[in-house]
Amino acid sequence: MNYAAIKNCDIANGPGVRVSLFVSGCTRHCKDCFNREAWDFQYGEPFTQETIDRILTYLAPDYIKGLTVLGGEPFEPQNQPGVLELLRQVRARYPEKSIWAFSGYTLDGHILAKRLGPWEVTRELLSCLDVLVDGPFMAEEKDLSLRFRGSRNQRLIDMKKTLATGEITLWTDWQSGEETR
(Lines give C-alpha, C1' and ligand atoms only; values in the text may rest on other atoms or scores of the structure.)
Protein backbone atom coordinates (compact mmCIF):
# COMPACT_ATOMS: atom_id res chain seq x y z
CA MET A 1 0.00 0.00 0.00
CA ASN A 2 1.04 3.57 -0.65
CA TYR A 3 -0.23 6.71 0.98
CA ALA A 4 -0.82 10.12 -0.55
CA ALA A 5 -0.55 12.30 2.59
CA ILE A 6 -0.59 12.43 6.36
CA LYS A 7 -2.06 15.47 8.09
CA ASN A 8 -1.01 15.72 11.71
CA CYS A 9 -3.44 18.53 12.58
CA ASP A 10 -6.75 18.06 10.74
CA ILE A 11 -10.07 19.56 11.89
CA ALA A 12 -12.19 18.79 8.81
CA ASN A 13 -12.48 15.00 8.89
CA GLY A 14 -14.02 14.20 12.27
CA PRO A 15 -14.53 15.82 15.65
CA GLY A 16 -11.67 17.63 17.34
CA VAL A 17 -8.10 17.84 16.16
CA ARG A 18 -7.17 14.62 14.37
CA VAL A 19 -4.43 12.89 12.46
CA SER A 20 -5.57 11.96 8.95
CA LEU A 21 -4.07 9.37 6.63
CA PHE A 22 -4.92 9.62 2.94
CA VAL A 23 -4.26 6.22 1.34
CA SER A 24 -3.47 5.83 -2.34
CA GLY A 25 -5.54 3.75 -4.71
CA CYS A 26 -9.17 3.83 -5.71
CA THR A 27 -11.02 2.00 -8.46
CA ARG A 28 -14.29 3.89 -7.91
CA HIS A 29 -13.22 7.04 -9.81
CA CYS A 30 -16.18 9.08 -8.60
CA LYS A 31 -17.16 12.08 -10.67
CA ASP A 32 -16.06 15.32 -8.95
CA CYS A 33 -13.62 13.52 -6.64
CA PHE A 34 -11.51 16.04 -4.70
CA ASN A 35 -8.49 13.73 -4.60
CA ARG A 36 -8.09 12.28 -8.10
CA GLU A 37 -4.31 11.97 -7.87
CA ALA A 38 -4.83 9.39 -5.10
CA TRP A 39 -6.72 7.07 -7.49
CA ASP A 40 -3.33 5.69 -8.55
CA PHE A 41 -2.23 2.86 -6.23
CA GLN A 42 1.42 3.82 -6.89
CA TYR A 43 0.93 7.50 -5.98
CA GLY A 44 2.75 8.85 -2.95
CA GLU A 45 5.02 6.98 -0.58
CA PRO A 46 5.18 3.34 0.56
CA PHE A 47 3.22 2.64 3.75
CA THR A 48 5.61 0.95 6.20
CA GLN A 49 6.01 0.32 9.91
CA GLU A 50 7.97 3.59 9.99
CA THR A 51 4.86 5.33 8.65
CA ILE A 52 2.74 3.71 11.36
CA ASP A 53 5.28 4.74 14.01
CA ARG A 54 5.12 8.33 12.77
CA ILE A 55 1.30 8.32 12.94
CA LEU A 56 1.44 6.85 16.47
CA THR A 57 3.78 9.69 17.49
CA TYR A 58 1.44 12.27 15.96
CA LEU A 59 -1.46 10.76 17.95
CA ALA A 60 0.34 11.05 21.31
CA PRO A 61 -0.69 14.57 22.44
CA ASP A 62 -3.85 14.75 24.56
CA TYR A 63 -5.36 17.40 22.26
CA ILE A 64 -5.40 14.91 19.36
CA LYS A 65 -8.83 13.26 19.52
CA GLY A 66 -8.28 10.53 16.99
CA LEU A 67 -7.33 9.16 13.61
CA THR A 68 -9.20 9.44 10.32
CA VAL A 69 -8.41 7.23 7.31
CA LEU A 70 -9.55 8.34 3.87
CA GLY A 71 -8.22 8.28 0.38
CA GLY A 72 -8.04 7.13 -2.25
CA GLU A 73 -10.15 4.31 -0.84
CA PRO A 74 -9.29 2.56 2.45
CA PHE A 75 -11.64 -0.35 1.65
CA GLU A 76 -9.98 -1.33 -1.62
CA PRO A 77 -8.92 -4.96 -1.07
CA GLN A 78 -5.23 -4.15 -1.58
CA ASN A 79 -5.39 -1.31 1.00
CA GLN A 80 -7.25 -3.15 3.76
CA PRO A 81 -4.31 -5.13 5.22
CA GLY A 82 -2.16 -2.00 5.65
CA VAL A 83 -5.03 0.02 7.08
CA LEU A 84 -5.95 -2.82 9.42
CA GLU A 85 -2.40 -3.08 10.79
CA LEU A 86 -2.41 0.65 11.50
CA LEU A 87 -5.78 0.46 13.25
CA ARG A 88 -4.69 -2.51 15.38
CA GLN A 89 -1.67 -0.57 16.60
CA VAL A 90 -3.67 2.62 17.22
CA ARG A 91 -6.30 0.68 19.22
CA ALA A 92 -3.58 -1.03 21.27
CA ARG A 93 -1.70 2.18 22.10
CA TYR A 94 -4.56 4.72 22.24
CA PRO A 95 -7.83 2.95 23.10
CA GLU A 96 -9.41 6.26 24.14
CA LYS A 97 -8.93 7.91 20.72
CA SER A 98 -11.63 7.64 18.07
CA ILE A 99 -11.02 6.10 14.67
CA TRP A 100 -12.98 7.25 11.64
CA ALA A 101 -12.81 6.09 8.03
CA PHE A 102 -14.30 7.55 4.87
CA SER A 103 -15.34 5.25 2.04
CA GLY A 104 -17.01 5.77 -1.31
CA TYR A 105 -18.48 2.30 -0.83
CA THR A 106 -21.70 1.97 1.14
CA LEU A 107 -21.75 -0.23 4.21
CA ASP A 108 -24.94 -2.11 3.34
CA GLY A 109 -24.58 -2.02 -0.45
CA HIS A 110 -20.91 -2.95 -0.88
CA ILE A 111 -18.90 -3.59 2.27
CA LEU A 112 -21.23 -6.02 4.06
CA ALA A 113 -21.79 -7.84 0.75
CA LYS A 114 -18.30 -9.29 1.31
CA ARG A 115 -17.08 -8.31 -2.16
CA LEU A 116 -14.05 -6.25 -1.07
CA GLY A 117 -11.39 -8.82 -0.39
CA PRO A 118 -11.15 -11.41 2.40
CA TRP A 119 -14.16 -10.95 4.71
CA GLU A 120 -12.18 -11.65 7.89
CA VAL A 121 -9.94 -8.63 7.12
CA THR A 122 -12.88 -6.38 6.26
CA ARG A 123 -14.80 -7.49 9.36
CA GLU A 124 -11.87 -6.75 11.68
CA LEU A 125 -11.29 -3.41 9.97
CA LEU A 126 -14.93 -2.46 10.60
CA SER A 127 -14.65 -3.56 14.25
CA CYS A 128 -11.76 -1.12 14.78
CA LEU A 129 -13.83 1.86 13.62
CA ASP A 130 -15.92 4.19 15.73
CA VAL A 131 -17.45 5.94 12.70
CA LEU A 132 -17.66 5.06 9.02
CA VAL A 133 -18.58 7.85 6.64
CA ASP A 134 -19.96 5.92 3.68
CA GLY A 135 -21.06 6.71 0.16
CA PRO A 136 -19.47 8.55 -2.74
CA PHE A 137 -19.35 12.31 -2.95
CA MET A 138 -22.10 13.37 -5.37
CA ALA A 139 -22.03 16.93 -6.72
CA GLU A 140 -25.81 16.95 -7.20
CA GLU A 141 -26.18 16.17 -3.45
CA LYS A 142 -23.52 18.68 -2.35
CA ASP A 143 -24.37 20.48 0.89
CA LEU A 144 -21.74 22.65 2.57
CA SER A 145 -23.78 22.85 5.78
CA LEU A 146 -23.21 19.14 6.56
CA ARG A 147 -20.66 18.19 9.19
CA PHE A 148 -17.76 15.99 8.13
CA ARG A 149 -19.02 15.13 4.66
CA GLY A 150 -19.73 16.85 1.39
CA SER A 151 -23.01 15.44 0.07
CA ARG A 152 -26.40 14.48 1.51
CA ASN A 153 -26.16 10.84 0.38
CA GLN A 154 -23.20 10.22 2.68
CA ARG A 155 -23.88 8.80 6.14
CA LEU A 156 -21.97 8.96 9.42
CA ILE A 157 -22.43 5.45 10.80
CA ASP A 158 -21.76 4.57 14.43
CA MET A 159 -19.92 1.31 13.81
CA LYS A 160 -19.90 0.08 17.43
CA LYS A 161 -23.70 0.32 17.67
CA THR A 162 -24.21 -0.95 14.13
CA LEU A 163 -22.10 -4.05 14.70
CA ALA A 164 -23.72 -4.69 18.10
CA THR A 165 -27.31 -4.46 16.83
CA GLY A 166 -27.00 -5.53 13.20
CA GLU A 167 -28.92 -2.38 12.23
CA ILE A 168 -27.26 0.68 10.69
CA THR A 169 -27.17 3.30 13.42
CA LEU A 170 -26.18 6.84 12.57
CA TRP A 171 -23.56 8.58 14.68
CA THR A 172 -24.88 11.03 17.25
CA ASP A 173 -22.71 14.07 17.86
CA TRP A 174 -21.98 13.88 21.59
CA GLN A 175 -21.69 17.68 21.78
CA SER A 176 -25.12 18.51 20.34
CA GLY A 177 -26.87 15.21 21.02
CA GLU A 178 -28.23 15.35 17.46
CA GLU A 179 -28.06 12.60 14.91
CA THR A 180 -25.89 13.76 12.04
CA ARG A 181 -27.77 12.70 8.94
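This section describes the sheet, the helices packed on it, the largest pocket and several backbone features of a predicted model.

The model contains an open sheet of 7 strands with mixed pairing. Across the sheet the strands follow the order β3-β1-β2-β4-β5-β6-β7. The edge positions are taken by β3, residues 45-46, and β7, residues 155-158, each of which pairs on one side only. Helix α1, formed by residues 49-59, packs on this sheet and touches β1 (2-10), β2 (17-23), β3 and β4 (64-70). The direction of α1 makes an angle of about 10 degrees with that of β1.

Strand β1 has partners on both sides in the strand order, lying between β3 and β2. With β3, strand β1 pairs in the antiparallel sense over 2 bridges, and here tyrosine 3 stands opposite glutamate 45 of β3. Strands β1 and β2 also run antiparallel and are joined by 5 bridges. Isoleucine 6 is placed opposite leucine 21 of β2. The hairpin made by β1 and β2 has 6 residues between the strands, and glycine 14 in this hairpin adopts a positive phi near 140 degrees. Further along the sheet, β5 (residues 98-103) and β6 (residues 131-134) run parallel and are connected by 4 bridges. Tryptophan 100 faces valine 131 of β6 in this arrangement, the two residues standing opposite each other.

A second helix, α2, spans residues 80-93 and lies across β2, β4 and β5. Relative to β4, α2 runs at about 170 degrees. Two packed helices are described by the angle between their axes and the distance between the axes. For α1 and α2 the packing angle is about 35 degrees and the axes are 10 Å apart. Their crossing is right-handed. On the α1 side, the contact involves Gln49, Ile52, Asp53, Ile55, Leu56 and Leu59. These residues meet Glu85, Leu86, Gln89, Val90 and Arg93 of α2. Classified by residue type, the contact between α1 and α2 comprises 6 nonpolar, 2 polar and 3 charged residues.

The largest pocket encloses about 700 Å³ of space. Its lining consists of 36 residues, of which Phe34, Phe102, Phe137, Gly150 and Gln154 are the closest to the pocket centre. Strands β1 and β5 each contribute at least two residues to this lining. By class, the lining of the largest pocket has 16 nonpolar residues, together with 10 polar and 10 charged residues.

Several loop residues have backbone geometry that merits separate mention. Glycine 71 and glycine 72 are joined by a cis peptide bond, with omega at about 25 degrees. Glycine 72 belongs to the loop between β4 and α2. Two residues other than glycine have positive phi values, namely lysine 114, at about 65 degrees, and phenylalanine 148, near 65 degrees. Lysine 114 is located in the loop that lies between α3 (107-111) and α4 (119-128). Phenylalanine 148 is located in the loop between β6 and β7.

Key. Residues are numbered from 1 along each chain as its sequence is written. This is a predicted model: local features need pLDDT of at least 70, side-chain atom pairs count only at pLDDT 80 or more; totals for chains, interfaces and linings use all residues. Side-chain values use heavy atoms; hydrogens and water are left out. Two strands pair if DSSP finds at least two bridges between them. Contact means heavy atoms within 4.5 Å. Axes are lines fitted to C-alpha atoms, for helices over the stretch in contact, and angles run from 0 to 180 degrees between N-to-C directions. A crossing is left-handed if the near helix is turned anticlockwise from the far one by less than a right angle, and right-handed if clockwise. Ala, Val, Leu, Ile, Met, Phe, Trp, Tyr, Cys and Pro count as nonpolar, Asp, Glu, Lys and Arg as charged, and the others, Gly among them, as polar. On a 1 Å grid over the protein atoms alone, a cavity is a set of points where a 1.4 Å probe fits but cannot get out, and a pocket is an open set with protein on both sides within 12 Å along at least five of seven lines; lining residues have an atom within 4 Å of a point. Grid points are joined across faces, edges and corners, and a volume is the space filled by probe spheres set on the points.
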